[in-house]
Amino acid sequence: MKFNLRNLPLLLLLLVFTYSGYAQSKPFTITGHIKGLPDGAKIELLPGATHQDEAPVATATVSQGKFELKGSVPEPRFFYIRLVEPRGFYSLMVQSGEITLTGDARLSGDGDNKSYEFEHMTVKGSDVHTQYLQKRAPREMLDSIYMANREASKEISEKVNAAYKNKDTVLLKSLKETEAYKQMDARESAFFKLVTATFEKIIRDDKDTWWGPFFALDLYNYFTPKDKPVYEQFSQEAKDSYYGKLLNEQLNPKGFAGQPAPLLDLKASTNTPTDIASLTKGHKYVLVDFWASWCGPCRRAIPAMKSSYADLQAKGVQIVSVSIDKKEADWLKAQKEEQLPWPSFLDNGKTANAWKIRAIPAMFLLNEKGIVVGENLTLEEIQAKMKEN
């Protein structure tokens, strides 16, 4: 039924506008009392489960284990409380009002791998966080199973890893024929089946509310077109929610084909220009390749790209690599190891989001005018496309 506001009594009008105000953001304050945090440490509050690089919405400095973060939310939102250096994360479901965190922080690791782990945490003032922990409890149970499997497979796993490292294919083949290896393989297979079933149930149990799409975003690292049934099971209310819209964008992203290339906000190790016009100048096409030092498939694809580079250049194609590494040192180290013969840059933090990078490697093809003519392509698809031209 549709209403004409001009025909409503004044009192009802006031009720309508009063109700609409409830959808607006309301303030929250997060007060932390965490023993073990170093004085002067920087704390950031980052939106979580968005599958994007997010800027902090609030920051604070630790003093005697205490910090305070303030902001506003229109409805429950998921955040990460991030300790910047050394690193540390705590997941928190935030609602409006006064929220307090108490617990301990323990420093673990060594060298560049030091990080803080939050332990014995208690959250007060966020009922929605309590619901989050209850609904997610089956996921946490998987950790104990994983650790038990890891311990059971420790001996054979170490032998297999050593054989891989030493490139001893003969030993590796013999190890894979042992009963210990077969048992390890069976445990891993059963575990991943259990993970899939557990995740699917957590999501399915809340398919009629915003919790359903939220947990899909929270539990899975990335999505492919094969995951579309996950979204289709949700009620319209769930689809229309904040997290429902985020999930829809992950599964059905609006492409860039036929449009100017998105933002390039890049760091160069030399004086190479980073703007689209400079990168496309003198080239019929530009292949933009997103990668990272930690991405195994990306690194394994580089030799094939190198062997094809001369042929691609002959057809007017220039390759431009964009690393999404968080640390410049990691990018520089990998770049030195790979000796890329084409321009290589580091994302300053905005480029991957602008290009809607969901998984890497990811390749886009631009024409000489900087228009996207191909997206999420493979090297083979690009080579086939060049044969058509």
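The lining of the largest cavity in this predicted model is a mixed group: five nonpolar residues, one polar and one charged. Which residues line this cavity? They are D289, W291, C298, I302, S321, L340 and W342. Two elements each give two or more residues to that lining, namely β10 (285-291) and α11 (296-314). The volume of the largest cavity is about 30 Å³, and the count of cavities of 30 Å³ or more comes to one. As background, rolling a probe the size of a water molecule over the atoms shows where empty space is left.

Now for a pocket. The second largest pocket holds about 640 Å³ of space. It is lined by 26 residues, and the closest to its centre are A359, P361, A362, N376 and L377. Helices and strands both show up here: α9 (242-251), α11, β13, β14 and α14 each give two or more residues to the lining. Sort the lining by class and you get 16 nonpolar, five polar and five charged residues.

P361 deserves another look, since the peptide bond joining I360 and P361 is cis, with omega about 5°. You'll find P361 in the loop between α13 (351-354) and β13. Where else should you look for a cis bond? Try the step from E85 to P86, where omega is near -10°. P86 has its place in the loop between β5 (77-83) and β6.

While we're on backbone angles, check A49: its phi is positive, about 60°, although A49 is not a glycine. A49 sits in the loop between β2 (42-47) and β3 (58-61).

**An open sheet with helices on it**

Strands of a sheet pair through backbone hydrogen bonds, either parallel or antiparallel. In this model, six strands line up as β9-β12-β11-β10-β13-β14 to make an open sheet with mixed pairing. Which strands are at the edges? Those are β9 (266-268) and β14 (372-377), each of which pairs on one side only. On average, neighbouring strands in this sheet are turned by 25° against each other, if you ignore direction.

Follow the sheet to β14 and you meet its partner β13 (residues 362-367); the two run antiparallel and are joined by four bridges. One pair to pick out is L366 with its bridge partner V372 in β14.

Two helices pack on this sheet. Helix α12 (residues 328-338) touches β9, β10, β11 (317-323) and β12 (344-347), and the direction of α12 makes about 160° with that of β12. Helix α14 (residues 379-388) touches β10, β11, β13 and β14, and its direction makes about 145° with that of β14. Recall that α14, β13 and β14 are also among the elements lining the second largest pocket.

**Pairings around β7 and β8**

Earlier in the chain, several strands pair up around β7 and β8. Here they are side by side:

| Strands | Direction | Bridges | One facing pair |
|---|---|---|---|
| β6 (87-94) and β8 (115-124) | parallel | two | G88 and Y116 |
| β7 (97-108) and β8 | antiparallel | eight | L107 and Y116 |
| β1 (26-35) and β7 | parallel | eight | I30 and I99 |

Y116 is worth finding on screen: Y116 in β8 is the bridge partner of G88, and L107 stands opposite Y116 too. What do β7 and β8 form together? They make a hairpin, with six residues between the two strands. In the turn, G109 has a positive phi of about 85°.

**Two helices that cross**

Last stop: helix α3 (residues 154-165) and helix α5 (residues 179-205), whose axes come within 9 Å and cross at roughly 100°. Why is α3 called roughly perpendicular to α5? Because the label covers angles of 65 to 115 degrees, that crossing makes α3 roughly perpendicular to α5. On the α3 side, the contact is made by I156, S157 and V160, while α5 brings A180, Y181 and M184. By class, the residues of this contact are five nonpolar, one polar and no charged.

Definitions and conventions
Residues numbered from 1 in each chain as written. Predicted model: local features only at pLDDT ≥ 70, side-chain atom pairs only at ≥ 80, totals over all residues. Heavy atoms only, no water. 1 Å grid on protein atoms, 1.4 Å probe; cavity = no way out; pocket = protein on both sides within 12 Å on 5 of 7 lines; lining within 4 Å. Points joined across faces, edges and corners; volume = space filled by probe spheres on them. Nonpolar A, V, L, I, M, F, W, Y, C, P; charged D, E, K, R; others polar. Axes fitted to C-alpha atoms, helices over the stretch in contact; angles between N-to-C directions. Parallel < 35°, antiparallel > 145°, perpendicular 65-115°, else oblique. Contact = heavy atoms within 4.5 Å. Pairing = 2+ DSSP bridges.
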